[in-house]
Every structure is written in structure tokens, then in C-alpha cells.
Amino acid sequence: MSTAEADQDDIPLFAASRKVYPQSVAGPFRRAKWLILFLCLGIYYLLPFLRWDRGPYLPNQAVLADIANNRFYFFFIEIWPQEVYYFTGLLILAAFVLFLMNAVAGRVWCGYLCPQTVWTDLFLSVERFFEGDRRERMRRDAEPWGFDTLWRKGAKHAVWLVIAWWTGGAWVLYFADAPTLVRELATFTAPLSAYVWIAILTFTTYTLAGIMREQVCKYMCPWPRIQAALTDDEALNVTYRYDRGEPRVSVKQAARLRAQGAPAGDCVDCFQCVAVCPTGIDIRDGAQVDCIQCGLCIDACDTVMTKIGRPTRLIAYDTDGNVQRRLAGLAAIYRPVRLRTLIYLALIAIVGGAMLWQLATRSTAGISVLHERTPLFVTLSDGAIRNAYAVRLLNKRPEHRPFALTVSGLPGVRIEAVGASPSADLRPVVTVDPDSSREVRVLVTVPAGVPLAASQVITITASDLFAGETVRADDHFMAPETHR
């Protein structure tokens with residue numbers, strides 16, 4: 001075995017994680033992250049307490065997943081279990097939006113909007129408050145623990161647990177009336193399931209955002225691998241512009257080389273881009289799956305460039321193609337609007353438009369018809385043919401609704417409903433309770449002498465006597481082959 005082969009055999013299959021100490025930084029990208037953090041957390045924590053008047057006997061929480069009554073409420077929208085396709089549409093819409101963001105600016109979702117990023121930023125800010133910035137935290141971890149380190153770390157973890165606990169608590173508030181559930185939680189009268197889910201979410205939030213941090217992005221999240229397969233050369237990514245930065249020299253060396261007319265890069269090897277990176281990578285090594293595209297290295301590099309009097313954006317949202325073009329003396333090309341992004345926009349518009357149209361035209365009533373199989377038909381003593389159906393009426397409104405039943409499709413056809421009362425025009429009327437459905441047995445009869453095929457389509461219609469809303473369903477009327 002050669003020495004090289006022996007060295008390769010000695011390479012470990014697992015590399016222990018290196019603790020990352022992100023340094024604080026100021027700049028436009030950091031401000032954008034703060035703004036998004038406060039906006040996202042504000043919506044998440046406060047939305048369950050927002051009220052929305054839906055009238056009597058209905059919950060007044062703006063956003064509520066009412067599992068007990070099989071409803072989901074979102075402001076003026078009410079979703080029934082039968083309308084689960086709305087959630088499917090939202091998932092499809094979210095996927096296309098994510099693909100569009102990736103096509104325009106790479107992993108911008110990961111850097112700014114991902115819950116893991118948002119909560120990790122919050123936990124890091126708590127850590128800096130108690131333990132100081134990067135150098136102070138590194139010094140504390142390197143030294144033996146004393147009282148000062150102990151109380152600071154203890155306070156940090158205590159605040160982390162409070163944030164994690166309230167994160168889990170806020171989640172369960174979306175499944176019950178928030179003020180009521182908060183009062184029950186405080187008095188220990190809430191359902192056991194609420195405490196269980198709060199405990200689970202407290203543990204996961206504390207572990208993922210406080211302990212694991214960048215490990216989630218590096219190893220657990222599948223999106224970096226999927227994103228790498230979906231991206232193209234035109235997508236903007238956080239890029240080290242090595243056409244400007246190389247060769248790397250100190251500030252004094254750069255001044256001396258430029259005075260001599262020799263090449264000197266703007267990068268002074270200060271490693272500030274590495275110090276602020278939440279995943280601990282060096283962006284100057286090129287595109288990496290660990291980079292979440294948060295832009296903090298841009299802020300750090302711009303700060304250094306400003307101090308040494310060089311142009312900013314040595315690190316910027318750019319493409320490797322543009323770096324190569326500048327090296328060749330060509331102008332950079334940016335194409336955020338191209339076939340790929342137009343396709344995603346079109347798909348978003350189609351799915352979003354379809355969902356809006358469905359919402360705008362949705363019915364608050366429904367009907368389904370099932371033909372009884374035994375027997376398929378009955379011949380009465382006067383020669384008339386009768387079929388029986390199980391008709392289920394659905395009422396999505398919070399009040400009782402009377403539905404009048406009619407049938408069409410055959411001459412002289414009559415309809416009866418078992419247990420129904422007749423209307424003024426002798427149509428059978430079925431009353432359905434609020435927010436519920438009712439099944440009735442319906443008898444459809446065709447008088448003797450009417451020519452019938454073995455199977456013929458009829459339409460059963462249910463009309464709300466008060467609101468005027470009409471729903472209908474088709475089924476087959478069965479008759480003997482000899483009935484002509």
C-alpha cells in the first residue's frame with residue numbers, strides 16, 4: 001500500500017462539529033434581518049389574540065384551527081374538511097414561490113425567512129446580551145468557569161427556555177380560543193394535550209435554535225441539496241468578487257503595489273466575513289452548500305472597505321458568470337426576468353387565481369346522491385317505476401336551512417323524501433341543522449307509459465327556501481330493459 005493510500009485510509013468518516021461564534025455586525029442586510037425577525041415573530045406570537053366577528057355561535061378568533069368542530073378559520077374564510085384542497089393549493093403555491101425566490105436570489109428564504117434562521121437570530125441576540133460578542137464568548141469558553149460565567153450562561157439558558165416555552169404556547173393557541181386557553185394554562189386547568197404539545201415544542205425550539213443552530217442548516221435541512229439542483233447560472237448568490245479581491249495583501253502592501261503599478265486586490269484578509277457568518281464558512285472559498293445567503297458577510301466587508309477607503313461590495317449578490325465577464329473586460333449582465341422566472345410567475349398566477357376564483361364562487365351548501373343498489377328499481381302496481389337514493393345535504397352556515405327538493409330529466413317524474421314536510425308548492429322540504437349535514441332517503445318515481453332506457457341521467461336539485469342558493473347532483477334512473 002502506498003503512503004497516499006494509507007493517508008486516505010486514515011481520513012475519519014466523521015468530523016466533530018466546530019462551535020461557531022458569530023460576531024455582531026451592522027449594515028443594510030442586518031437591518032433587513034432585524035425587520036423581518038420582528039415582523040415574523042410579532043405575527044406568530046400575537047396573531048392568535050386578534051379577534052374577528054363572525055356573528056353569534058361562531059368563534060371570534062381571527063385565525064383558528066377548530067379541530068373539535070372540523071373547521072379552519074382565517075379571518076373571513078372558513079374551510080371545511082371537504083375543502084382540504086385549499087391547503088393543497090397553498091402548499092403548491094408556497095413551493096412555486098420558493099422556487100421563484102431561488103431562481104432570483106438563491107437561498108434568500110434560508111437567510112431571512114426560514115423559522116430556523118429567525119429563532120436562531122433571536123437566541124443569538126440573547127446570548128450576546130448575557131455573554132458578550134464573539135471574542136468575549138470565545139474567551140469565556142476557553143477559561144475555567146467562575147461565578148460570572150456560570151450566572152451568565154444560566155441566565156442565557158433560562159431566557160432561551162422562556163422563549164422556547166412561549167413559542168410552543170403560541171402554537172397551541174392557534175387550536176383553541178387564545179385568551180381562554182392562556183387562562184386555563186395559568187390555572188392548570190387546560191387539557192393535557194396542550195401541556196404535552198407545549199413541552200414538545202419547547203424542547204424542539206430550545207434544541208434546534210439554541211443548541212444545534214447551524215447544524216440544522218448543514219445536515220438536517222434538505223432544502224440546500226434541493227436548491228442546488230434547481231438553481232442556474234443566472235441566480236444571484238452571495239459572491240466573493242475575486243476579480244477585485246485577488247491577490248490578497250495588507251493595506252500597506254496594497255498601497256505600495258498600486259504605487260508601483262503592480263496588481264493588488266482589495267481583500268486585506270481581515271476574516272471579518274468569516275467572523276460574522278452564522279454557519280462559520282469562508283465565502284471567499286466559493287459557492288458552498290453551508291452558505292445560507294444571509295448577506296451578513298456583505299455588511300462586514302462593506303464596513304472594512306469603507307474604513308480603508310476602497311469601494312464597497314467586494315462581497316455582493318452576484319453570479320460567477322459576471323465575475324468571469326469582468327475579468328474578460330466585459331460588462332456584467334443581470335437577468336432576474338427570464339424564462340425560468342416567468343414560468344414560475346405564470347404558475348403562481350394560475351394556482352393563486354384558481355384558488356381565488358374557487359373562494360369567490362364557493363357554495364355554502366352541498367349535495368351528494370348515492371343510488372340504492374338493492375333493488376335498483378321497483379315496479380309499482382300501477383306500472384310506475386321507482387328508484388331510491390340516499391341524498392346527503394350539507395349546510396355550511398351557522399343557522400338552520402330548509403332545502404326544497406326537485407328532480408328533472410324525465411317527463412312526469414316525481415320526488416318524495418322520507419320524513420320531509422311538503423312546501424306550499426308540494427316540494428319535499430328537508431331542514432338541515434347549522435354547520436352539519438343530513439342524509440335522507442329519496443324516492444323518485446316515473447309514471448307508467450313513459451318510455452325509459454335501462455339507465456337514464458336525472459338531476460336532483462336542492463334549493464334553500466330563504467337564501468335562494470341552489471345545489472344539484474346527477475345520478476342514473478334505472479328501469480327494466482322491456483320498459484318502453
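A residue counts as buried under 20% relative accessible area, as exposed over 50%, and as partly exposed in between. In this predicted model, V196 has a relative accessibility of 39% and is therefore partly exposed. The residue belongs to helix 9, which covers residues 192-212. Together with L192, W197 and I200, V196 makes up a nonpolar patch on the surface, and the accessible area of the four residues together is about 420 Å².

The annotation of the chain can be set beside the model. An unreviewed UniProt entry lists residues 34-52, 84-105, 158-176, 188-209 and 342-360 under "transmembrane region". Two of these segments may be described in terms of the predicted coordinates. Residues 158-176 are 79% helix and 0% strand, with 27 Å between the C-alpha atoms at the ends. For residues 342-360 the helix content is 100% and the strand content 0%, and the end C-alpha atoms lie 26 Å apart.

A contact between parts separated in sequence involves Y45, a residue of helix 2 (residues 28-46). Its C-alpha atom is 5.7 Å from that of A170, although 125 residues separate Y45 and A170 in sequence. Y45 has a relative accessible area of 12% and so counts as buried.

The sheets come next. One open sheet consists of three strands in the order 1-2-3, paired in the antiparallel sense. Strand 1 (63-66) and strand 3 (77-79) each have a single partner strand and stand at the edges, so one side of each has no neighbour in the sheet. From one strand to the next, the twist averages 10°. Three bridges connect strand 2 (residues 71-74) with strand 3, again in the antiparallel sense. Within this part of the sheet, F74 is found opposite I77 of strand 3.

Further along the chain, strand 6 (residues 365-371) is mostly covered, with five of its seven residues buried. Strand 6 runs antiparallel to strand 8 (residues 385-395), and seven bridges join the two. A365 has N395 in strand 8 as its bridge partner.

Another open sheet comprises five strands in the order 11-12-9-14-15, with antiparallel pairing. Its edges are strand 11 (421-422) and strand 15 (470-478); each has a single partner strand, so one side of each is left without a neighbour in the sheet. Strand 9 (residues 401-408) pairs with strand 12 (residues 428-432) through four bridges in the antiparallel sense. In this pairing, A404 is bridged to V429 of strand 12.

The charged side chains supply a further set of contacts. Side chains of opposite charge can pair when their charged atoms come close. Over the whole structure, 40 salt bridges are found. One of them joins E127 and K156, with a distance of 3.1 Å between the closest N and O atoms. Because E127 lies in helix 5 (residues 115-131) and K156 in helix 7 (residues 147-172), this pair ties together parts that are 29 residues apart in sequence. Both E127 and K156 are buried. The two residues also belong to a network of salt bridges that links K19, E127, R128, E131, D133, R137, D141, K153, K156 and R213.

How does the surrounding of a salt bridge vary from one partner to the other? The pair R140 and D148 may be examined through the accessibility of each partner. Their side chains meet in a salt bridge at 2.6 Å, N to O. R140 has 5% relative accessibility and therefore counts as buried, whereas D148, with a relative accessible area of 34%, is partly exposed.

A final salt bridge is formed by the side chains of R335 and E234, at 3.7 Å from N to O. This pair links distant parts of the chain, 101 residues apart: R335 lies in the loop between helix 16 (320-327) and helix 17 (339-361), and E234 in the loop between helix 11 (223-230) and strand 4 (237-240). With a relative accessible area of 40%, R335 is partly exposed.

Technical notes: Residues numbered from 1 in each chain as written. Predicted model: local features only at pLDDT ≥ 70, side-chain atom pairs only at ≥ 80, totals over all residues. Heavy atoms only, no water. Pairing = 2+ DSSP bridges. Axes fitted to C-alpha atoms, helices over the stretch in contact; angles between N-to-C directions. Patch = residues over 30% accessible without salt bridge, like charges linked within 9 Å, V, L, I, M, F, W, Y side chains within 5 Å. Areas by Shrake-Rupley, 256 points an atom, 1.4 Å probe, with all protein chains shown as cover. Buried < 20%, exposed > 50% of the residue type's maximum accessible area, 1.4 Å probe, protein only. UniProt positions renumbered as here; feature names shortened; annotations may be inferred.
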